[in-house]
Amino acid sequence: MQFEEFESFASDTPPAARAPGADAASPLVRLQYLIDNTPAIIYCTVPSGDFKMTFVSNNAYNVLGYRPEDMVADPNFWFDHIHPDDAPAIFSSLALVFVEGQRAYEYRFRAADGAYLWMHDTLRLIRDEQGAPLEVIGSLTDITIRKTMEEALHSKGQEQQLLIGRLQEAQNQLLQSEKMASIGQLAAGIAHEINNPVGFVNSNMGTLQKYVATLFGVVREYDAAIAAHSPPPALAKAIAQIGKSADLEFLQDDATDLVRESMDGLKRVKDIVQALKDFSHVGENEWQVADLHHGLDSTLNIVSNEIKYKATVDKQYGQIPPVTCLASQLNQVFMNLLVNAGHAIKDKGVITIRTGAEDGWVWVAVSDTGCGIAQEHLNRIFEPFFTTKPVGSGTGLGLSLSYGIVNKHGGRIDVASTPGEGTTFTVRLPVLPPAAVSPGAPA
């Protein structure tokens with residue numbers, strides 16, 4: 001039987017009309033039965049660019065809800081029912097069927113009820129004895145369930161990757177927190193040891209300051225007594241020579257300055273030690289009411305050596321209320337921002353610290369006049385281990401940990417940067433974070 005005869009026979013046979021054993025003597029009836037009940041829709045098209053359908057198996061009605069004769073009657077049926085998002089990729093490569101002889105596609109096809117079903121479509125070119133294209137035979141299989149499962153697995157995989165990323169970040173933060181806690185304990189011990197000698201040296205310098213004042217007071221009284229009793233010229237000359245040789249006037253001025261400068265230096269050491277003690281409580285998990293300005297000043301003392309040779313610090317503090325927070329962890333945030341600002345400045349620049357408050361929130365902005373951050377990096381700077389510094393110059397955890405700490409406080413950290421001009425990081429915090437149970441209570 002020629003294909004045209006088979007097509008005529010198939011179009012007159014209703015779907016699944018004949019039982020498996022009916023008319024068993026006719027192979028064509030058996031073949032029709034098998035085609036009508038296979039899961040795949042069998043179809044044929046003309047071997048030209050329009051791919052007009054010339055035959056569609058009866059099971060198209062069961063799978064898609066369309067009658068085969070309607071599909072064959074419409075020359076654009078196949079094109080018109082492919083999902084618009086999938087059509088371009090198919091149309092652009094259909095001509096390869098005539099080169100390769102076979103193509104397979106997966107796309108969404110609109111069923112009679114308006115829903116789109118995922119279909120696997122295998123097209124094969126049939127040639128005549130002379131090699132000329134005769135027709136294209138296709139097999140359409142509904143793979144919607146498989147696609148749905150793949151999408152569900154993909155979604156689950158993304159959720160797992162996100163969870164793994166969060167777990168890794170939490171682990172990194174924990175490791176960093178433990179490391180900082182160990183450093184804090186060491187720093188607290190060093191600060192205590194430094195405090196002891198600084199304490200008695202400071203006390204001795206205060207006593208020495210009094211002794212120097214007393215000694216020069218005695219010298220002035222000696223001079224006054226000698227002048228009052230008019231000693232012999234030879235004695236007066238000898239006394240004057242002694243004073244000149246010792247340069248008592250210079251000694252008095254310089255000794256006073258030296259003692260004063262030493263007292264100022266000791267005060268700076270005490271401030272640094274106190275800042276170190278304040279900063280060393282990195283392991284604390286107690287919410288407390290704190291003055292952020294005090295935390296900024298303590299942190300500036302700690303990082304002074306990192307930035308004093310490269311930048312001047314301009315403090316523009318506003319009026320801000322005390323904030324309920326994990327103070328030492330916020331100090332770590334400030335330290336990261338200040339150190340990064342210092343590293344961004346190559347030669348000489350300015351680091352500006354501004355603070356303010358509004359509607360139950362406080363903000364701290366750290367700006368620098370450094371090299372800035374490239375636009376393509378702005379969306380990644382808070383990622384763990386991402387850094388633009390040379391290898392060995394940074395772990396890429398500073399800003400990630402800072403982001404986590406600020407987020408724990410119910411706040412946010414924003415960045416604005418212009419390459420070649422500088423960067424501003426702004427930390428915004430609620431005065432009373434939602435996570436704070438009460439001042440002094442565990443988080």
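Visitor: How many salt bridges does a search of the whole structure find?

Guide: In this predicted model, a search of the whole structure finds 11 salt bridges.

Visitor: What makes the pair Asp 86 and Arg 108 a salt bridge?

Guide: The closest N and O atoms of Asp 86 and Arg 108 are 2.9 Å apart, and because a salt bridge calls for a side-chain nitrogen of Lys or Arg within 4 Å of a carboxyl oxygen of Asp or Glu, the pair earns the name. Asp 86 lies in the loop between helix H5 (77-81) and helix H6 (87-91), whereas Arg 108 belongs to strand E3 (residues 102-110), so the salt bridge ties together parts that are 22 residues apart in sequence.

Visitor: Why is Asp 86 called buried, and why does Arg 108 count as partly exposed?

Guide: Buried means under 20% relative accessible area, and partly exposed covers the values between that and 50%. Asp 86 has a relative accessible area of 12%, so the residue is buried, while Arg 108 stands at 22% and therefore counts as partly exposed.

Visitor: How do you know that Glu 106 and Arg 146 meet in a salt bridge?

Guide: Their side chains come to 2.6 Å, N to O, which is to be set against the limit of 4 Å. This pair links distant parts of the chain, with Glu 106 in strand E3 and Arg 146 in helix H8 (residues 144-228), 40 residues apart. Glu 106, at 33% relative accessibility, is partly exposed, and Arg 146, with a relative accessible area of 36%, is partly exposed as well.

Visitor: What is the setting of the salt bridge between Arg 260 and Asp 257?

Guide: The side chains of Arg 260 and Asp 257 meet at 2.9 Å, N to O, and both residues lie in helix H10 (residues 248-279), 3 residues apart, about one turn of the helix. Which residues are joined into one network by salt bridges that share partners? They are Glu 106, Arg 146, Lys 147 and Glu 150.

Visitor: Why are E2 and E3 called edge strands?

Guide: The open sheet has 5 strands in the order E2-E1-E5-E4-E3, with antiparallel pairing, and strand E2 (53-56) and E3 each pair on one side only, as edge strands do.

Visitor: How do you know that strands E1 and E5 pair?

Guide: Because two strands pair if there are at least two bridges between them, the 5 bridges that join strand E1 (residues 41-45) to strand E5 (residues 133-142) satisfy the rule, and these strands run antiparallel. One of the residues with a bridge partner in E5 is Tyr 43, whose partner is Gly 138.

Methods:
Residues are numbered from 1 along each chain as its sequence is written. This is a predicted model: local features need pLDDT of at least 70, side-chain atom pairs count only at pLDDT 80 or more; totals for chains, interfaces and linings use all residues. Side-chain values use heavy atoms; hydrogens and water are left out. Helices (H or I, at least four residues) and strands (E, at least two) are DSSP runs, numbered from the N terminus. Buried means under 20% relative accessible area, exposed over 50%, partly exposed in between (1.4 Å probe, protein chains only).
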